[in-house]
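Trainee: I should like to go through this structure with you, one question at a time. May we begin with the overall fold and then turn to single residues?

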Amino acid sequence: MSTFKNLLLLATLLFGGLVHAQSNFTSKSIGVGVVVADLQRSLDFYIKGIGMVKTGNFTINAEFGKRGGLTGGEAVDVNVLKLENSPEGTDWKLMSFGKKAGHPKSKFIQDDTGPQYITIQVKSLKPIIDRLKEQNVTFLGNTPTPLTKDSHFVLVQDPDGTFVELIGPM
């Protein structure tokens, strides 16, 4: 019986810890800030190619950027994109300081540290593939690659080298 009580106590502590850890968040999504070299080129890739929508923009002024530790005192305009215009959607926040990356563009995800790729689940790959081909985006590997009888995998990189996985039916 003491083993059962110990298991019950352990389950209660684990579950209680999970509930407590989750209770401090006010949103179900994470906003991602992405610094790009050429803002217009990246906006074209994500809006015209991938199909995201611009849902807003804001400016981080120089004083707040410095005081908040975000920038060394430079102002920056931030463009907010989402997969759809919904409050639950993840904010993909694009901004540019007009500089190229200080590191080479990755050829594979293991070439660098930090966030390397995003995954986007889609209802149909064909319209996205067609739009990306119109933009002369290079498709990586042997994609589209079948995952299941109803799902394929497509891999591309955005203009700054972030890998974008697209998964869905053709």
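Mentor: Contact here means heavy atoms within 4.5 Å. Please keep in mind that this is a predicted model.

Trainee: Among contacts between residues at least 6 apart in sequence, what percentage join residues at least 24 apart?

Mentor: The protein comprises four helices and eight strands, and along the sequence they follow the pattern α-β-α-β-α-β-β-β-α-β-β-β. Among contacts between residues at least 6 apart in sequence, the share that joins residues at least 24 apart is 57%.

Trainee: What percentage of the exposed area do carbon and sulfur atoms supply?

Mentor: Of the 170 residues, 30% count as buried. The protein exposes about 11600 Å². The part of that area supplied by carbon and sulfur atoms is 58%.

Trainee: Which elements do the buried residues of α4 pack against?

Mentor: The buried residues of α4 are Ile128, Ile129 and Leu132. Seen down the helix axis, they fall within an arc of 100 degrees, so they line one face of α4. On the other side of α4, Lys133 and Glu134 are exposed. The buried residues pack against α2 (39-50), β7 (151-157) and β8 (163-168).

Trainee: Which residue just after α4 takes a positive phi?

Mentor: The residue lies in the loop between α4 and β6, and its relative accessible area of 67% makes it exposed. Its phi is near 60 degrees, a positive value in a residue other than glycine. The residue is Asn136.

Trainee: Which two residues does a cis peptide bond join?

Mentor: One of the two partners lies in the loop between α4 (126-134) and β6 (145-148). The omega angle of the bond is about 5 degrees. The residues joined are Thr143 and Pro144.

Trainee: Is His152 buried or exposed?

Mentor: His152 is found in strand β7. Leaving aside neighbours within four places in sequence, His152 is in contact with Leu125, Pro144, Thr145, Pro146, Leu147, Leu166, Ile167, Gly168 and Met170. The cut-off for a buried residue is under 20% relative accessible area. With a value of 18%, His152 is buried.

Trainee: How far from Asp158 is the nearest side chain of opposite charge?

Mentor: Asp158 is found in the loop between β7 and β8, where this residue is buried yet has no salt bridge. A salt bridge requires a side-chain nitrogen of Lys or Arg within 4 Å of a carboxyl oxygen of Asp or Glu. The nearest side chain of opposite charge is that of Lys105, and the distance is 6.6 Å.

Trainee: Which residue has its backbone nitrogen 2.9 Å from a polar atom of the Asp158 side chain?

Mentor: Not counting residues up to four places away in sequence, Asp158 touches Phe45, Tyr46, Lys105 and Val164. The backbone nitrogen at 2.9 Å from a polar atom of the Asp158 side chain belongs to Gly161.

Trainee: Which residue forms a salt bridge with Glu63?

Mentor: A search of the whole structure finds six salt bridges, and in this one the N to O distance is 2.8 Å. The two partners are four residues apart in helix α3 (residues 62-67), a separation of about one helical turn. Glu63 is partly exposed at 47% relative accessibility, whereas its partner is exposed at 58%. That partner is Arg67.

Trainee: How many residues apart in sequence are the parts that Glu74 and Lys99 tie together?

Mentor: Glu74 is partly exposed at 37% relative accessibility, while Lys99 is exposed at 54%. The two form a salt bridge whose closest N and O atoms are 3.9 Å apart. Glu74 lies in the loop between α3 and β3 (76-82) and Lys99 in the loop between β4 (92-96) and β5 (117-121), so the parts tied together are apart in sequence by 25 residues.

Trainee: In the salt bridge of Asp91 with Lys82, how far apart are the closest N and O atoms?

Mentor: Asp91 is partly exposed, with a relative accessible area of 26%. Lys82 has a relative accessible area of 9% and is buried. The distance between the closest N and O atoms of the pair is 3.4 Å.

Note on methods. Residues are numbered from 1 along each chain as its sequence is written. This is a predicted model: local features need pLDDT of at least 70, side-chain atom pairs count only at pLDDT 80 or more; totals for chains, interfaces and linings use all residues. Side-chain values use heavy atoms; hydrogens and water are left out. Helices (H or I, at least four residues) and strands (E, at least two) are DSSP runs, numbered from the N terminus. Buried means under 20% relative accessible area, exposed over 50%, partly exposed in between (1.4 Å probe, protein chains only). The arc is that of the directions from the helix axis to the C-beta atoms. Lys and Arg count as positive and Asp and Glu as negative; His and the chain ends are not counted. A polar contact is a pair of N or O atoms within 3.5 Å; within protein, one must be able to donate a hydrogen and the other to accept it, and residues adjacent in sequence count only if both atoms are side-chain atoms. Accessible areas come from the Shrake-Rupley method with a 1.4 Å probe; for residues, only the protein chains shown count as cover.
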